[in-house]
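Hello,

Here is the structure I said I would pass on. My notes on it follow below the structure.

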Amino acid sequence: MLDAPILVLVDLETSEAGSAPTGPSLELLTAARALTSGDVVALSLQPLGEPASAILSGAGATRLLTADLGESAHLPATAADAVVAAVSAVAPAAVLVVSDYRGKELAGRAAVLLGSACVCDATALEAAGAGDDSVLRASKLALSGSWSTTASVGSAGSAPIIAVRPGIVEVTAADGAPLTAEPLEVPVSAEAAAVRLVSREATSVASGPVLSEARTVVVGGRGVDGDFDLVRSLAEPLNAAVGATRVACDEGWIERSAQIGQTGETVSPRLYIGLGVSGAVHHTSGIQGAGTVVAICDDSEAPIFEMADFGVVGDVTEVVPQLVEELATLRG
Ligand SMILES: Cc1cc2nc3c(=O)[nH]c(=O)nc-3n(C[C@H](O)[C@H](O)[C@H](O)COP(=O)(O)OP(=O)(O)OC[C@H]3O[C@@H](n4cnc5c(N)ncnc54)[C@H](O)[C@@H]3O)c2cc1C
């Protein structure tokens, strides 16, 4: 186990009830607790209320740094400047960020600014060895998930930045003491200041859970023939995010941001349900971290059945309504 602090960049989601840490950020705090006997330092790029800071300590944060970057917090370059400032304040053994589009970009940028190492899309972390000899190891899936690689990540010069995939850690409660927010001054570089946020709005895909963070994902492929209402009819009762294959996005049936696979999102849900998806490797490379895979497809030879835990060979227009009805019956 390490004994130096671990710094965790916390992302926030805002609702009518205020700002709260996202699920993947809480997963990082749980992961950090397992790596160090030292402080787990949460870094928020916006000021936080008492309820949000209680959630952070309940997930394992022992210190809280807060900057006030406003909307610029959503920009990777500005967030990277904040990580650099926090590293200089805390001298952590490592920095953990969520491995989404923004997290991966800011991880690379912060590592370059710090002259340190960077690993993106990590699927497992461990602190191997004891005392001064302990070293951080990060694993990731490569080559469409057919290989798992593990690298030891030293602190060459400064703390390594590790972007961790959502969904790989189960959040566990810590008996955390109340946190006192420590304000962090962030000198924003000219390069970061040159980028300004013009607009930021949720698309209709974002009306359900966020795809990259969802516990359950229902995916529509060519086999749904443009009927994404059918996909949503199953996603909604399961509180699932809606995803798509590239074909479905190319056809304009759903926004490009819903695409899962090699050139789309990588997801690690507990449950993946593919509707009319053949399971081409370009698609399945984005679901290697999925827990249980369910496939409903009319072609019994489709490759998706090779990785499916449960498969139904059938027409989605017949199977999905029955499934939705059965779910409603089960839930009373
Ligand atoms: C460089 C590159 C990058 C790519 N990146 C991606 C990517 O990121 N993501 C991605 O998804 N793809 C990507 N692709 C495309 C990928 O190779 C496949 O073409 C695509 O994933 C297939 O999508 P699909 O399963 O929806 O369609 P298909 O392969 O056509 O499969 C549709 C399946 O639905 C079944 N079906 C038809 N009607 C019904 C019905 N009524 N009920 C039940 N089943 C039915 C069919 O039998 C078939 O098995 C990429 C390709 C390349 C070359």
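Residues with positive phi

Asp121 is buried, with a relative accessible area of 16%; the cut-off for buried is under 20%. The model is a predicted one. Asp121 lies in strand β7, and its phi is positive, about 65°, although Asp121 is not a glycine. Most residues other than glycine have a negative phi. Asn239 is also not a glycine and has a positive phi, of about 50°. Asn239 sits in the loop between α6 (228-235) and β14 (241-244). With a relative accessibility of 58%, Asn239 counts as exposed, because the cut-off for exposed is over 50%. A further positive phi, again about 50°, is found at Ala91, just after α3.

The seven-stranded sheet

The strand that holds Asp121 is part of an open sheet of 7 strands. Their order is β7-β11-β6-β1-β4-β5-β12, and the pairing is parallel. β7 (118-122) and β12 (181-183) are the edge strands; each has a single partner strand, so one side of each has no neighbour in the sheet. From one strand to the next, the twist averages 25°.

Within this sheet, β4 (residues 40-44) and β5 (residues 63-66) run parallel and are joined by 4 bridges. Leu43 has Leu65 in β5 as its bridge partner. Val10 belongs to strand β1 (residues 6-10) and is buried, at a relative accessible area of 3%. Val10 and Ser44 are 34 residues apart in sequence, while their C-alpha atoms are 5.3 Å apart in space.

Strand β15 and its partners

β15 (residues 271-275) has two pairings to report. With β13 (residues 216-220), β15 pairs in the parallel sense over 5 bridges, and Val217 stands opposite Tyr272 in β15. With β16 (residues 292-297), the pairing of β15 is also parallel, over 5 bridges; there Ile273 has Val294 in β16 as its bridge partner. Of the 5 residues of β15, 4 are buried, so this strand is largely enclosed by the rest of the structure.

Helix α3

Does the length of α3 (residues 76-90) agree or disagree with 1.5 Å a residue? The 15 residues should span 21 Å, because the expected span is 1.5 Å times one less than the number of residues. The end C-alpha atoms of α3 are 20 Å apart, which agrees.

α3 is also largely enclosed by the rest of the structure, because 12 of its 15 residues are buried. Among them are Pro76, Thr78, Asp81, Val83, Val87 and Val90, as well as several alanines, including Ala77 and Ala86.

The second largest pocket

The second largest pocket has a volume of about 520 Å³. It is lined by 26 residues, and those closest to its centre are Arg222, Thr245, Val247, Val277 and Ser278. Three elements give two or more residues to the lining: α7 (246-250), α8 (281-284) and α10 (316-330). By class, the lining has 14 polar, 7 nonpolar and 5 charged residues.

Regards

How values were computed:
Residues are numbered from 1 along each chain as its sequence is written. This is a predicted model: local features need pLDDT of at least 70, side-chain atom pairs count only at pLDDT 80 or more; totals for chains, interfaces and linings use all residues. Side-chain values use heavy atoms; hydrogens and water are left out. Buried means under 20% relative accessible area, exposed over 50%, partly exposed in between (1.4 Å probe, protein chains only). Two strands pair if DSSP finds at least two bridges between them. On a 1 Å grid over the protein atoms alone, a cavity is a set of points where a 1.4 Å probe fits but cannot get out, and a pocket is an open set with protein on both sides within 12 Å along at least five of seven lines; lining residues have an atom within 4 Å of a point. Grid points are joined across faces, edges and corners, and a volume is the space filled by probe spheres set on the points. Ala, Val, Leu, Ile, Met, Phe, Trp, Tyr, Cys and Pro count as nonpolar, Asp, Glu, Lys and Arg as charged, and the others, Gly among them, as polar. Axes are lines fitted to C-alpha atoms, for helices over the stretch in contact, and angles run from 0 to 180 degrees between N-to-C directions.
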